[in-house]
Amino acid sequence: MSETTGASYAAASYKTAGVDIEAGDRAVELMKEWVKKTQRPEVLGGLGGFAGLFDASALKNYERPLLASATDGVGTKVDIARQLGVYDTIGHDLVAMVMDDIVVCGAEPLFMTDYICVGKVHPERVAAIVKGIAEGCVLAGCALVGGETAEHPGLLGPDDFDVAGAGTGVVEADRLLGPDRIRTGDAVIAMAASGLHSNGYSLVRHVLLNQAGLSLDARIEELGRTLGEELLEPTKIYSLDCLALTRTTDVHAYSHVTGGGLAANLARVIPDDLHAIVDRSTWTPAPIFDLVGKTGQVERLELEKTLNMGVGMIAIVPEDSADVALRTLADRGVEAWVAGEITARGDHATGAEMVGDYAV
């Protein structure tokens, strides 16, 4: 009996407060088989420890190894997964967001950890999310060495969740890619996106779901499938393709096209005295971009600074290496094309611009 309120309470526990430790333990058991598929020889131990272990003696083969790290999430795309009840693809998006940032500097992805925050632990659901992350790690060539599942009752609804991750890679110092390698006349090679990837979903959801009132189950003829299937298309993971390209071609720089769009992300790797020109007429964006633009009456520049417009990764290579680069990517099943060139900065105020009109 409380002396201050006079009320009586039932005995409290972590479970009555909303956190189910047993469910979390079952989720770990279910995910173990998927995590095991990501293992590299350098990984020591397994799930269950307080930290993932990676044998750094493997770096002795480097003259001057530089560690590259990145962290990211998937944004509001997770709400599409929640509404559709599809949880085993969102992990691909997470790995792509993290590891394709790391490979931009030429680094080989080594290992990754994840953080999954849920309102209530549904073991099979958490395991499905981790399955997607593990599959993504295999596609990126990295190990999933650990993670955390946190249950936040009261802050998130029972079906709400979010995911985030952090990764580490390594690159030899004298093979570090970036602005200092770029030269006038270099070719700008675009690699096709698999769709919207994992950026701009706040705009996409606002336009298509809130304003237009479209159903995720609705079949959209121009998309050739349901809206939900289109919006949940996993982000393409370019890591191993980029590493293969650096082995066959003198790549000067990469740019991962994420939040901010193509021009803004490309400008991040262009030196102050140079300028990148990207010709829109070299490709046709997938129908989903036109659907968002027309449905929401979104101006082209607004679309371009929010969405990838069909290009997920950029490679900058010497002009005389462009053909080899395109053949290498084609052999790996990556659609790519020369989309522009590097010129002197001149009077241009920004490091990159898009010119012309999209092909139809």
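This short talk walks through two helices, several salt bridges, two hollow spaces and a few long-range contacts in one structure.

Good morning, everyone. Before we start, please keep in mind that what you have in front of you is a predicted model, and that every value I mention has been computed from that model.

Let me begin with helix H3, which covers residues 90-102 and therefore has 13 residues, as counted by the program that assigned the helices. From its first C-alpha to its last, H3 reaches 19 Å, which is close to the 18 Å expected at 1.5 Å a residue. How many of the residues of H3 are buried? The count is 12 of 13, and H3 is accordingly described as mostly covered. Among the buried residues of H3 you will find Ile-90, Leu-94, Val-95, Met-97 and Ile-102, but also His-92, Asp-93 and Asp-100.

Just before H3, in the loop between helix H2 (77-84) and H3, sits Asp-88. Asp-88 forms a salt bridge with Lys-131, and the closest N and O atoms of that pair are 3.8 Å apart. Lys-131 lies in helix H4 (residues 123-140), so this pair ties together parts that are 43 residues apart in sequence. As for its surroundings, Asp-88 is partly exposed, because its relative accessible area is 29%, and the partly exposed class runs between 20% and 50%.

Now let us move along the chain to helix H7, which spans residues 239-248. Here 7 of the 10 residues are buried, so H7 is largely enclosed by the rest of the structure. The buried ones are Ser-239, Asp-241, Cys-242, Leu-243, Ala-244, Leu-245 and Thr-246. Two of these deserve a closer look, and I will take the cysteine before the aspartate. Cys-242 is buried with a relative accessible area of 0%, and Cys-105, at 18%, also counts as buried, because the cut-off for buried is under 20%. How many disulfides does the structure contain? The count comes to 0.

The aspartate, Asp-241, meets Arg-332 in a salt bridge of 2.7 Å, N to O. Arg-332 is in the loop between helix H11 (322-331) and strand E13 (336-344), while Asp-241 is in H7, so the pair ties together parts that are 91 residues apart in sequence. Which partner is buried and which is partly exposed? Asp-241 counts as buried, at 7% relative accessibility, whereas Arg-332 is partly exposed, at 39%.

A similar description applies to another pair, Glu-230 and Arg-225, whose side chains meet in a salt bridge of 3.0 Å, N to O. Glu-230 is buried, with a relative accessible area of 7%, and Arg-225 is partly exposed, with 22%. In total the structure holds 16 salt bridges, and some residues take part in a network of them, namely Asp-79, Arg-82, Asp-160 and Arg-205.

Asp-160 brings us to the hollow spaces, since it is also one of the residues that line the largest cavity. The search of the whole structure finds 1 cavity of 30 Å³ or more, and about 30 Å³ of space lies in it. Together with Asp-160, the lining includes Val-118, Lys-120, His-122, Arg-125 and Phe-161. By class, this lining divides into 4 nonpolar, 1 polar and 4 charged residues.

The second largest pocket has a volume of about 330 Å³. Which elements give two or more residues to its lining? They are strand E6 (161-172) and helix H7, the helix we have just discussed. The lining is made of 15 residues, and Gly-106, Val-171, Arg-175, Leu-243 and Thr-246 lie nearest the centre of the pocket. Sorted by class, the lining has 6 nonpolar, 3 polar and 6 charged residues.

To finish, here are two pairs that are far apart along the chain. Met-354, in strand E14 (residues 352-355), is buried at 12% relative accessible area. Met-354 and Val-278 are 76 residues apart in sequence, and their C-alpha atoms are 4.7 Å apart in space. Glu-222, in the loop between strand E8 (219-220) and strand E9 (225-226), is partly exposed, with 48%. The C-alpha atoms of Glu-222 and Asp-290 are separated by 9.7 Å, and these two residues are 68 apart along the chain.

Terms used. Residues numbered from 1 in each chain as written. Predicted model: local features only at pLDDT ≥ 70, side-chain atom pairs only at ≥ 80, totals over all residues. Heavy atoms only, no water. 1 Å grid on protein atoms, 1.4 Å probe; cavity = no way out; pocket = protein on both sides within 12 Å on 5 of 7 lines; lining within 4 Å. Points joined across faces, edges and corners; volume = space filled by probe spheres on them. Nonpolar A, V, L, I, M, F, W, Y, C, P; charged D, E, K, R; others polar. Disulfide = S-S within 2.5 Å. Buried < 20%, exposed > 50% of the residue type's maximum accessible area, 1.4 Å probe, protein only. Helix = DSSP H or I, 4+ residues; strand = E, 2+ residues; numbered from the N terminus. Expected span 1.5 Å × (residues − 1). Salt bridge = Lys/Arg side-chain N within 4 Å of Asp/Glu carboxyl O.
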